Amino acid sequence: MSTVQEKLDSLTKAGSLYSTESGGAVRCQACAHRCRIQPGKRGVCLMRFNRDGQLYVPWGYVAAANVDPIEKKPFAHFLPGSDVLTFGMLGCNFHCDFCQNWVSSQTLRDPACDNSLAYIQQVSARDLAAYAVRSGAKAVASSYNEPLITSEWAIEIFKAAKKEGLRCAYVSNGFATPEALHALQPYLDGYKIDLKCMTDAAYRELGGSLQIVLDTIRLARELGMWVEVVTLVIPGFNDSNEDLWEMARYLASVSNDIPWHVTAFHPMYKRLEATATDSETLQRAAEIGQEAGLHYVYAGNLPGRVGSLEDTHCPKCHAVLIRRTGYLVRSNRVTPQGTCPDCGQPIAGIWS
Ligand code: SF4
């Protein structure tokens, strides 16, 4: 067993998102892989494992904890202008070759990530929540790695955060199970979900499945979570008009009020030969989103280069409500009640 695995296995406890099966096997329910794990074996994420018929899951540590603008997650309609204590652990249920956080997400899968061990800090849920309060954050968010695979530990942190009056969020690939979403529902206010593409074949290459992610977007909203969707637009991968139209149409069919962030890709990890996304491509994607009927479409990762696509507009009178440059909120006119101050139109989101 590697030193990295030994260390991570020491930071675990028996989880709850699983069922037991014959022969000492367990069936994990934290993500839609639904791994059936025999005693002594590990799931696809490599972070959850069967020890003597019980599923052990990550617990009691973070590999990163930063106080960031909530715009960086990105959320545009969730406490804009606020700071959020963002924490993450290690590992992922996907293996995207363009991952922007690959050093933390691909631990145990890629030896190049072994130095992520140096980032680990043991911490209690109460101390993390207290740190968020001391930092002036209004929310805590699980991000950087895939939060679903560490859901039991995230729930423990969210319980402590709720006692402090903080809001809670996931920044996730959306490869969830209904069981995990129902377990998270009492705590999770905001759920940022990646919609990476619209073909199942491409999703399978990344380690997931399209329909599951589409279902998560719908169910998370039905469960009352505030959902924003992000598509990292990668030239040659998901930037065809056909793909973009399909994504936008699907989101609009769930709700016109889902903010859709089309963000620029920069060559990363194993996809270094791909070209970076230009502003014209983002503008084309955003126009498709608007034509599909989405009320709130944002272009991200190219601050100052996408015209008014960083701003929030009233869908009724079209007044500019929030002006942004990158992660900076320059002005915010949405009323604390969540309405346009000019025409009274309700603006979907969490505003106070
Ligand atoms: S979180 Fe997903 S990948 Fe990991 S063990 Fe559970 S079902 Fe498998």
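## A walk through the chain, starting at β13

Start by selecting Val 171 and Lys 192: in this predicted model, Val 171 stands opposite Lys 192 in β13. Now widen the selection to the strands around that pair. Strand β12 covers residues 167-172, and four bridges join β12 to β13. The two strands run parallel.

Keep β13 on screen and colour residues 190-194 by burial. Five of the five residues of β13 are buried, so the strand is largely enclosed by the rest of the structure. Turn the view until you can see which way the side chains go. Gly 190, Lys 192 and Asp 194 point one way from β13. Tyr 191 and Ile 193 point the other way, and all of these residues are buried. Yes, that list includes Lys 192 and Asp 194.

**Next stop: Phe 78**

Gly 190 leads you straight on, since Gly 190 is one of the residues in contact with Phe 78. Select Phe 78 and look at the loop between β8 (64-69) and β9 (83-88), where Phe 78 is found. Is Phe 78 buried or exposed? Phe 78 counts as buried because 27 C-beta neighbours lie inside 10 Å. To see some of the company, and leaving aside neighbours within four places in sequence, show the contacts of Phe 78: Ile 70, Ala 169, Gly 190, Trp 226, Gly 349 and Ile 350. Ala 169 belongs to the range of β12 (167-172), so to speak a familiar address. 

**On to Trp 351**

Now draw a distance from the C-alpha atom of Phe 78 to that of Trp 351. How far apart are these two C-alpha atoms? The separation is 6.1 Å, although the residues are 273 apart along the chain. Trp 351 sits in the segment after β19. Trp 351 is partly exposed, because 16 other C-beta atoms lie within 10 Å. Leaving aside neighbours within four places in sequence, Trp 351 is in contact with Val 334, Pro 336 and Gly 338. For a second distance, pick Gln 122: Trp 351 and Gln 122 are 229 residues apart along the chain, and their C-alpha atoms are separated by 33 Å.

**The sheet before that segment**

Step back to β19 (328-332), an edge strand that pairs on one side only. β19 belongs to an open sheet of three strands in the order β17-β18-β19, with antiparallel pairing. The other edge strand is β17 (312-313). Two bridges join β17 to β18, residues 320-325, and these strands run antiparallel. To see one partnership up close, select His 313 and Val 320: Val 320 in β18 is the bridge partner of His 313.

**Across to the other small sheet**

Jump to residues 18-37 for another open sheet of three strands. The order here is β2-β3-β4, again with antiparallel pairing. The edge strands are β2 (18-20) and β4 (36-37), each pairing on one side only. β2 and β3 (residues 26-28) pair over three bridges in the antiparallel sense. Select Ser 19 and Arg 27 here: Arg 27 in β3 is the bridge partner of Ser 19.

**The ligand**

Show the ligand and bring up the residues around it. Which residues are they? The set is Cys 28, Ala 30, Cys 31, His 33, Arg 34, Cys 35, Gly 43, Val 44, Cys 45, Arg 48, Asn 93 and Ile 149. Colour this shell by class and you get seven nonpolar, three polar and two charged residues.

**Two domains**

Give residues 3-58 one colour as domain 1 and residues 61-332 another as domain 2. Their C-alpha centres lie 26 Å apart. The contact takes 21 residues from domain 1 and 27 residues from domain 2. On the side of domain 1 that touches domain 2, α1 (3-10) and β6 (54-58) each supply at least two residues. α1 gives the most to that side, with four residues. By class, the side has 13 nonpolar, five polar and three charged residues.

**Zoom out**

Finish with the whole chain in cartoon view, where there are nine helices and 19 strands. The C-alpha atoms fill a box of roughly 60 × 45 × 35 Å along the principal axes. How does the radius of gyration fit a compact globule? With 352 residues, such a globule would have a radius of gyration near 20 Å, and the chain has 20 Å, which agrees. Of the 352 residues, 47% count as buried. Among contacts with a separation of 6 or more, 65% come from residues 24 or more positions apart.

Notes:
Residues numbered from 1 in each chain as written. Predicted model: local features only at pLDDT ≥ 70, side-chain atom pairs only at ≥ 80, totals over all residues. Pairing = 2+ DSSP bridges. Near = placed C-beta within 6 Å. Nonpolar A, V, L, I, M, F, W, Y, C, P; charged D, E, K, R; others polar. Buried ≥ 20, exposed ≤ 12 C-beta atoms within 10 Å, placed from the backbone. Contact = placed C-beta atoms within 7 Å. Rg over C-alpha atoms; globule rule 2.2 N^0.38 Å. Domains from an automatic or database assignment.
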